[in-house]
Amino acid sequence: MSGQFRPELAELISYHTPQQPEGDKLDANELPYDLPEWFKSKLVFVSEQMVRANRYPDSDPVLLRQQVAQYCHVKAQQVCLGNGSDELIRSVIIAACLGGRGAVLSAEPTFGMYRILAETLGVPYIALGRDEAFGIDPDALHAAVLHQGVRVIFLANPNSPTATMLAEPVLRSLRALPEDVLVVLDEAYYEFSGFTCASWIADWPNLIILRTFSKAFRLASYRVGYALARPEIIQVLDKTRLPYNLPAVSQLAATLAMEHRSELLSVIPELLTERDRVATSLQELPDLRLWPSSANFLYVRSTQYEPESMRAMLAERGTLIRASGGGLRVTIGTPAENDKLLVNFASLY
Ligand SMILES: Cc1ncc(COP(=O)(O)O)c(C=O)c1O
């Protein structure tokens with residue numbers, strides 16, 4: 001294989017989610033509830049009516065863009081749809097950094113795809129550290145951006161795996177960066193945090209907001225995400241995405257989800273109550289440290305166990321969670337799954 005590919009790819013590992021045994025899937029920050037039966041039946045019905053398998057899907061589903069715009073209180077020209085927000089992360093890096101134009105920066109621990117997508121595209125990736133509370137030092141951020149040729153900053157808000165929010169001074173310092181540095185705030189968990197910077201795209205010219213249908217809207221398997229930004233940025237992202245990036249059924253699923261959003265999102269208050277219940281119980285265990293969560297998952301560290309061994313012991317007991325960034329990320333499940341999770345955690349002490 002020598003000579004065929006870029007040599008640096010030999011060092012990279014393909015993206016695989018770890019093979020897990022049978023158990024409660026609390027490892028991917030999905031909602032524990034499948035779509036309601038009435039929603040599924042409606043989706044099957046409209047798919048039969050509308051989808052012609054031999055035809056390419058709509059390359060620009062205007063109705064869906066309009067629905068998303070209405071949901072986010074922006075204009076349709078400020079929306080770009082992607083095959084999951086993963087595709088949009090890649091489009092931003094392609095548009096801003098390829099050809100030796102500059103680096104991607106994020107603050108770790110964070111969502112792994114920022115690094116993976118930068119590295120597979122041959123773009124330098126700079127990882128800032130975080131403090132004890134997973135906060136970011138605005139001065140270190142500024143210095144790294146100005147001295148290391150950063151073109152794009154990706155910050156998840158709330159962050160994964162830590163579930164923490166960006167502090168106000170960090171947002172202010174991002175706002176003060178030069179216009180030729182793109183600031184991407186990834187709001188994959190917006191529906192749980194209730195906090196968004198989407199309204200700022202009107203007067204923050206280098207801001208991009210990313211969102212997804214994979215979490216609160218329960219459409220992870222359909223792969224739909226979107227970016228919000230001013231129209232000039234959206235036009236560039238449109239050039240770098242693949243032509244038929246959204247399968248027809250995914251477009252229909254997202255359209256239906258927008259139409260029925262109040263029904264789909266109605267489970268969120270109950271989920272957040274469950275999160276707080278799980279957090280309170282985990283906090284009672286002798287050596288677990290928890291951070292405040294603004295999402296549908298919790299981040300914990302143990303002083304007694306390595307994250308990987310704790311993950312494996314819980315998996316043996318039927319609770320599947322994720323070891324990440326030196327700790328454990330625990331997705332909130334159904335009340336029964338959460339009860340079992342608490343029993344399994346307690347059994348380790
Ligand atoms: C912060 C963050 N951004 C983006 C994504 C990916 O979303 P999508 O399924 O839309 O590609 C995830 C998925 O876990 C995430 O945690």
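Student: In which hand does α3 pass α4, left or right?

Tutor: Right: the crossing of α3 past α4 is right-handed. Keep in mind that this is a predicted model.

Student: How do I read a helix pair like that in general?

Tutor: Two packed helices are described by the angle between their axes and the distance between the axes. Here, the axes of α3 (residues 84–97) and α4 (residues 113–120) come within 10 Å and cross at roughly 45 degrees. That angle is why α3 counts as oblique to α4.

Student: Which residues of α3 and α4 meet?

Tutor: On the α3 side you'll find D86, I89, R90 and I93, and they meet M113, Y114, L117 and A118 of α4. Sorted by class, that contact has six nonpolar and two charged residues, with no polar ones.

Student: Let's try another pair. At what angle do α11 and α13 pack?

Tutor: About 10 degrees, with the axes of α11 (residues 268–283) and α13 (residues 335–346) 11 Å apart. So α11 is roughly parallel to α13. From α11, the contact uses E274, V278, S281 and L282, while α13 brings P335, N338, L341, L342 and F345. The classes there are six nonpolar, two polar and one charged.

Student: Now the sheet. In what order do the strands sit?

Tutor: Read across, the order is β2-β8-β7-β6-β5-β3-β4, seven strands in an open sheet with mixed pairing. At the edges are β2 (79–82) and β4 (125–128), each pairing on one side only. From one strand to the next, the twist averages 20 degrees.

Student: Do β2 and β8 run parallel or antiparallel, and how many bridges join them?

Tutor: They're antiparallel, and four bridges join β2 to β8 (residues 225–228). One to click on: G82 has G225 in β8 as its bridge partner.

Student: Which strands does α3 lie across?

Tutor: α3 lies across β2, β3 (103–107), β5 (150–156), β6 (182–186), β7 (207–212) and β8. Relative to β5, α3 runs at about 160 degrees.

Student: And the ligand: how many residues surround it, and which are the closest?

Tutor: There are 13 around the ligand, and the closest are G84, A188, T212, S214 and G225. You've already met G225 as the bridge partner of G82.

Student: Which element gives the largest share of that shell?

Tutor: That's α3 again, with three residues. By class, the ligand shell has seven polar, four nonpolar and two charged residues.

Technical notes:
Residues numbered from 1 in each chain as written. Predicted model: local features only at pLDDT ≥ 70, side-chain atom pairs only at ≥ 80, totals over all residues. Axes fitted to C-alpha atoms, helices over the stretch in contact; angles between N-to-C directions. Helix = DSSP H or I, 4+ residues; strand = E, 2+ residues; numbered from the N terminus. Parallel < 35°, antiparallel > 145°, perpendicular 65-115°, else oblique. Left-handed = near helix turned anticlockwise from the far one by under 90°. Contact = placed C-beta atoms within 7 Å. Nonpolar A, V, L, I, M, F, W, Y, C, P; charged D, E, K, R; others polar. Near = placed C-beta within 6 Å. Pairing = 2+ DSSP bridges.
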